[in-house]
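User: I should like to go through this model with you, beginning with its charged contacts. Could you take my questions as they come?

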Amino acid sequence: MGDTAITKTTTAEPVNAPEPVTTAELVNTAGPVTTAEPMATTGPMATTGPVSATGSRAPVPSHPSDPSRPSSASATPKASSGAPPAAAEPAPSMGSGRAEGSAQPAGPESKGQPAAARPGRADGEPDGPADPATTAPHDPCAHGFLPERPPVRSLIGTWTRLDAMARAAAIAPDREAAVALVERARRADELAALRQRVSRLSLRNAEAAAMRIAVIAVSCGWCGLDPQAPAAREVADEAFLDLWAAIAHRIDHDQFVALPTLALHNWAPERKPRRHIPIDQLARTEALVPIVRWAPEGQPLSRLDRLMLAATRLEAHGIWLFRLAETLAGRSPDDSSTPTALRRLVRVQHALRAQLLAEAAELSAAPATPQQRAVLGALAGQGALEPPVLQAADAVLGIGARRMREGRRQMLRRHLPAQHRAWLSAMDRHCAPVRTLAHRGGPDAAVYREAQESLIALRRTYTALVQAAARPTAAPLTKAA
């Protein structure tokens with residue numbers, strides 16, 4: 001009888017294990033350009049195409065879909081289709097618990113469990129900071145250099161003060177007004193209070209806080225400062241620099257005041273996304289709204305807003321370029337698939353250029369203030385307006401190494417997180433055999449030079465877009481740019 005009672009007690013305990021989220025729910029399998037086998041790159045990278053038992057490559061569609069147009073509704077993967085997942089690397093779950101600074105509810109895995117019984121998550125939600133040893137490696141084939149999840153729209157708790165400060169600094173009429181906001185927060189001990197709470201932030205919310213810090217820094221004219229340098233104390237507010245340095249340490253990224261943070265972490269889908277839609281597809285198909293506006297509420301988006309939106313969409317459509325880069329990595333220039341991948345790379349770059357030209361009309365017609373033009377000028381002077389997708393194309397085709405010194409190239413990359421810089425360095429090494437086509441003749445070398453020329457045209461178009469955003473008067477951007 002005693003044994004029976006013990007058996008009932010143990011079997012009656014509910015097992016509250018969260019259902020694992022499959023890769024098919026998170027990775028868009030409808031992408032037209034895939035890699036067929038893993039490349040010899042540093043660190044584990046998931047492949048996006050199957051390999052048969054004989055080692056042959058899976059067929060790749062003849063051309064990618066035009067990234068300048070939203071994909072159809074059929075591109076969304078369905079759970080009932082029965083198709084195998086396209087990537088072998090497991091993706092992190094989209095559900096998360098509630099941590100300080102996050103305005104989102106707790107995930108389903110925490111329901112029914114007491115707080116003491118819930119283990120701490122690797123991403124720091126809700127019980128602690130991220131564990132670098134358990135963090136999954138970054139796979140650019142999944143969503144490029146976009147964040148893995150939509151950015152946090154609004155912070156909660158004490159962090160609402162940073163939220164309000166960033167929104168006020170973005171619409172400040174000049175730098176003096178923005179600096180006055182920081183000094184007022186320092187006198188009210190708000191910056192010191194936030195500094196004490198940085199370690200409690202999850203990694204995702206720390207990245208959201210970093211975006212607000214970047215907005216404040218560029219509004220005050222401090223984008224070129226090192227928060228830990230003694231010389232910075234003579235220019236910027238010391239309490240703000242302490243908070244800035246703490247956030248940089250939390251996300252393990254010192255030079256985050258640049259376009260990747262200001263753009264990719266500042267635009268979120270207007271509607272609440274479904275869990276299985278990848279972030280790059282959301283950025284292509286859904287209407288995006290800014291979290292921190294450079295234009296006052298109720299007024300049209302400014303040119304600075306439009307430029308950041310164009311950069312975000314460029315990254316979303318550039319996902320095909322990342323996948324082609326993985327295809328070309330480690331390939332021999334004599335491989336029959338090399339010219340095919342290069343032709344597709346040309347088409348992708350032409351599509352990205354057409355998208356930038358389409359954005360130019362709205363950007364040129366948008367309003368601009370002297371303060372916003374000063375922000376653009378400061379970011380451009382620091383080399384902080386370089387889109388990551390263009391840096392990825394440079395790593396494959398070698399344009400950046402040929403047209404600029406290596407020191408300048410590394411200065412542009414310093415604004416990217418460490419894992420993104422490592423991926424670009426791997427592409428530099430593994431695409432070196434393909435770049436030998438520049439010194440050859442024949443049809444394959446002609447295709448390679450065409451890819452280089454299309455990248456140069458794409459970069460010139462983006463430069464013209466930045467110049468149009470910083471121009472005092474509106475001027476249309478022509479296709480000859």
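User: Which residue forms a salt bridge with Glu-362?

Analyst: In this predicted model, the side chain of Glu-362 meets that of Arg-306 in a salt bridge, at 2.9 Å from N to O. Glu-362 belongs to helix α13 (residues 337–365) and Arg-306 to helix α11 (residues 303–317), so the contact ties together parts that are 56 residues apart in sequence.

User: Is Glu-362 buried or exposed?

Analyst: Glu-362 falls in between: its relative accessible area is 44%, which makes it partly exposed.

User: How many salt bridges are there in the whole structure?

Analyst: The search finds 13. One of them joins the side chains of Arg-186 and Asp-237, with 3.0 Å between N and O. Arg-186 sits in helix α5 (residues 175–187), while Asp-237 is in the loop between α7 (203–219) and α8 (238–251), so this pair connects parts that are 51 residues apart in sequence.

User: And how accessible are Arg-186 and Asp-237?

Analyst: Arg-186 is partly exposed, at 37% relative accessible area. Asp-237 counts as buried, because its relative accessibility is 10% and the cut-off for buried is under 20%.

User: What does Glu-386 pair with?

Analyst: Glu-386 forms a salt bridge with Arg-459, and their closest N and O atoms are 2.4 Å apart. This pair also links distant parts of the chain: Glu-386 lies in the loop between α14 (370–381) and α15 (388–397), and Arg-459 lies in helix α20 (residues 443–470), 73 residues apart.

User: Buried or exposed, for Glu-386 and Arg-459?

Analyst: Glu-386 is buried at 12% relative accessibility, and Arg-459 is buried at 17%.

User: Which residues do shared salt-bridge partners join into one network?

Analyst: Asp-163, Arg-167 and Arg-212 are joined in this way.

User: Back to helix α14 for a moment. Where does Ala-380 lie, and how far is its C-alpha atom from that of Ala-470?

Analyst: Ala-380 is placed in helix α14. Its C-alpha atom is separated by 9.9 Å from that of Ala-470, although the two residues are 90 apart along the chain. Ala-380 is partly exposed, with a relative accessible area of 41%.

User: A change of topic: how many disulfides does the search find?

Analyst: The search of the whole structure finds 0 disulfides. As for individual cysteines, Cys-220 is buried, with a relative accessible area of 5%, and Cys-223 also counts as buried, at 10% relative accessibility.

User: Now the interior. How many cavities of 30 Å³ or more are there?

Analyst: The count comes to 6 cavities of 30 Å³ or more. The second largest cavity holds about 70 Å³ of space.

User: What lines the second largest cavity?

Analyst: Its lining consists of Leu-146, Pro-147, Pro-151, Leu-264, Trp-267, Pro-269, Ile-279, Leu-282, Ala-283, Leu-288 and Thr-312. The elements that give two or more residues to this lining are β1 (267–269) and α10 (279–285).

User: Which element gives the most?

Analyst: Helix α10 does, with 3 residues.

User: And how does that lining divide by class?

Analyst: The lining of the second largest cavity has 10 nonpolar residues, 1 polar residue and no charged residues.

Note on methods. Residues numbered from 1 in each chain as written. Predicted model: local features only at pLDDT ≥ 70, side-chain atom pairs only at ≥ 80, totals over all residues. Heavy atoms only, no water. 1 Å grid on protein atoms, 1.4 Å probe; cavity = no way out; pocket = protein on both sides within 12 Å on 5 of 7 lines; lining within 4 Å. Points joined across faces, edges and corners; volume = space filled by probe spheres on them. Helix = DSSP H or I, 4+ residues; strand = E, 2+ residues; numbered from the N terminus. Nonpolar A, V, L, I, M, F, W, Y, C, P; charged D, E, K, R; others polar. Salt bridge = Lys/Arg side-chain N within 4 Å of Asp/Glu carboxyl O. Buried < 20%, exposed > 50% of the residue type's maximum accessible area, 1.4 Å probe, protein only. Disulfide = S-S within 2.5 Å.
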